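Reader: I am new to this structure and should be grateful for a close look at a single part of it. Please then place that part in the setting of the chain.

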Amino acid sequence: MRRRDVLGLALAGSAWPSMAAASARARHKGQARLGRVVVVGAGYGGATVARYLRLLGAGRIEVILVDQAANFISCPVSNRVLGGQRTLAQLTFGYDALRQKHGVRFMRGSVTAIDADRSQIVVAGQRLSYDRLVVAPGIDFIYDDFPLLAKAQERIPHAWKAGPQTRNLQRQLVAMRDGGVFTIVVPSQPYRCPPAPYERACQVAFYLKTHKPRSKVVVLDANPVITSKRALFERAWRDLYAGMIDYVPGSELMGVDVATKTVRTAFDTVKSDVLNIIPPQRAGRIAQGCGLANVERRWCEVDFLTYASKVLPRVHVIGDAIDAGLPKSAHMANAQAKVCARAIVDLMLGQALDPAPAFANTCYSYVDDRQAMHISTLYRYDPAGKGMRAEGSGILSEHPSVQEGRDADAWARQIWGDVLG
């Protein structure tokens, strides 16, 4: 796979749906309504599938997008709030374009149940019918071993969902004394966005180097090595933050004292001024509650041609919640949503499915205020294994650069436009 091919799919991956949408409009203009699709969850996966169902269905599919939040807040780029280059307001967007330009109906409320037998969901105490349901629930957190952490999010925020906790963690960082310790606890894989904890270490270290240079960042990683872009992060830490970041692999969390912000691992006990524990993760709450999470009661099993659930009929699951062996990333959720939208339109029209979907995943990581690095990988459907397989090793940056920082900013603007219309 050539670099040009991977980057073409990764950075301009919405071209085929746009062309398909134009073709669909020509074929189906003025024809009867196909049915209603309800989408639960309005993040990268859910908002994208809602938009592309309207485009690929040429307006013949009624789409209702349901989420308990009024706005879209981007997790990608949110580590830069800690570094001081972005504000949370700059990562917050409304759903107006989806409503006004694409005719997506937005309903705010919490979904409490899925009644697959009646093809209905329960939202805000009311029943809403569907012909097809797409669930994009994102992640939830596992506190089984440390239940006190669930009640200690003001003092020890995870900030693994962009929003108020991001602002809280940033305020704690700003208030930290010079010479203090900022500790990041990384869970075992799988978790949302594999390189993000190490990018966070870079952004925190950049802020400390600029404002509190006697301070330290400690990364206690339950994994045996850095899980993504290892050599690049090691180089960035050595070249940009020498002596400032202490990385300790194989550091599974064994105990935590909330009052003193002290954590215990098999190797050491670390007391912190700011403690950022990223908990283990699983599919979002609605997937847990309705039985969609059938793999170790943690992740959702799907058919990768349609993203149809292996548990509930006429229900599709996309994004971080699925059991895929793929990176749990915003770009991946966006790509899966397009495949899912196309498959649902084909199913509603009684047409043949695409037998070999392919897409690329691109992930940028910022190492300071201007430089970034990336990895891009192409995935194709494997009929034998009935899953998505990486084609080759992908494209990895040779080193962080200012140009890649510009590319990362452009990627963010492009995907926000693709998701939200």
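In which strand does I245 lie?

Author: The model discussed here is predicted. I245 lies in strand β13, which covers residues 245-248. With a relative accessibility of 13%, I245 counts as buried, because buried means under 20%. Leaving aside residues up to four places away in sequence, I245 touches A201, A205, V217, V219 and W237. A201 and A205, two of these partners, carry numbers that fall within helix α8 (196-211). A further distance helps to place I245 in the chain: D273 is 28 residues away in sequence, and the two C-alpha atoms are 15 Å apart.

The loop that precedes α8 deserves attention next. P190 is found there, between β11 (181-186) and α8 (196-211). The peptide bond that leads from Q189 to P190 is cis, and its omega is near 0°.

C193 introduces the matter of the cysteines. The structure holds zero disulfides. For C193, the closest cysteine sulfur is that of C363, and the separation of 4.4 Å is too far for a bond, since a disulfide requires sulfur atoms within 2.5 Å. C290 is likewise in no disulfide, as the nearest cysteine sulfur, in C300, is 7.5 Å away. The two residues fall on either side of the 20% limit for burial: C193 has 21% relative accessibility and therefore counts as partly exposed, whereas C290 has 19% and therefore counts as buried.

A second buried site can be set beside I245. L65 lies in strand β2, residues 61-67, and its relative accessibility of 1% means that L65 counts as buried. Not counting residues up to four places away in sequence, L65 touches V39, G41, A42, G46, A47, A50, Y95, L98, V104, R105, F106 and M107. The C-alpha atoms of L65 and R51 are 9.6 Å apart in space, with their positions 14 residues apart in sequence.

A42, one of the residues touched by L65, lies in the loop between β1 (35-40) and α3 (44-56). A42 has 2% relative accessibility and so counts as buried. Its contacts, again without residues up to four places away in sequence, are A47, L65, V66, D67, F72, Y95 and F106. A47, Y95 and F106 are among the residues that A42 touches, and they are also among those that L65 touches. From A42 to A69 the sequence separation is 27 residues, while the C-alpha atoms are 8.3 Å apart.

A89 provides a contrast in accessibility. Its place is the loop between α4 (79-83) and β4 (92-93), and at 60% relative accessibility A89 counts as exposed, since the limit for that term is over 50%. The C-alpha atoms of A89 and G163 are separated by 9.5 Å, although 74 residues part them along the chain.

Two other loops contain a residue with an uncommon label in this account, a positive phi outside glycine. S119, in the loop between β6 (111-115) and β7 (120-123), has phi near 55°. R314, in the loop between β20 (308-309) and β21 (315-317), has phi near 60°. S119 counts as buried at 17% relative accessibility, whereas R314 counts as partly exposed at 41%.

The chain as a whole supplies the setting for these sites. It has twelve helices and 25 strands. The radius of gyration is 22 Å, close to the 22 Å given by the globule rule for 421 residues, so the chain is as compact as a globular protein of that length. The C-alpha trace spans about 70 × 50 × 40 Å along its principal axes. Of the 421 residues, 56% are buried, and I245 is one of the residues that count as buried. Among contacts between residues at least 6 apart in sequence, 69% join residues at least 24 apart.

The surface and the charges complete the description. The accessible surface of the chain comes to about 17,700 Å², and carbon and sulfur atoms account for 49% of that area. There are 54 positive and 37 negative side chains, and the centres of the two sets lie 6 Å apart.

Terms used: Residues are numbered from 1 along each chain as its sequence is written. This is a predicted model: local features need pLDDT of at least 70, side-chain atom pairs count only at pLDDT 80 or more; totals for chains, interfaces and linings use all residues. Side-chain values use heavy atoms; hydrogens and water are left out. Helices (H or I, at least four residues) and strands (E, at least two) are DSSP runs, numbered from the N terminus. The radius of gyration is taken over C-alpha atoms; the globule rule is 2.2 Å times the number of residues to the power 0.38. Buried means under 20% relative accessible area, exposed over 50%, partly exposed in between (1.4 Å probe, protein chains only). Contact means heavy atoms within 4.5 Å. Accessible areas come from the Shrake-Rupley method with a 1.4 Å probe; for residues, only the protein chains shown count as cover. Lys and Arg count as positive and Asp and Glu as negative; His and the chain ends are not counted. The place of a charge is taken as NZ of Lys, CZ of Arg, CG of Asp or CD of Glu.
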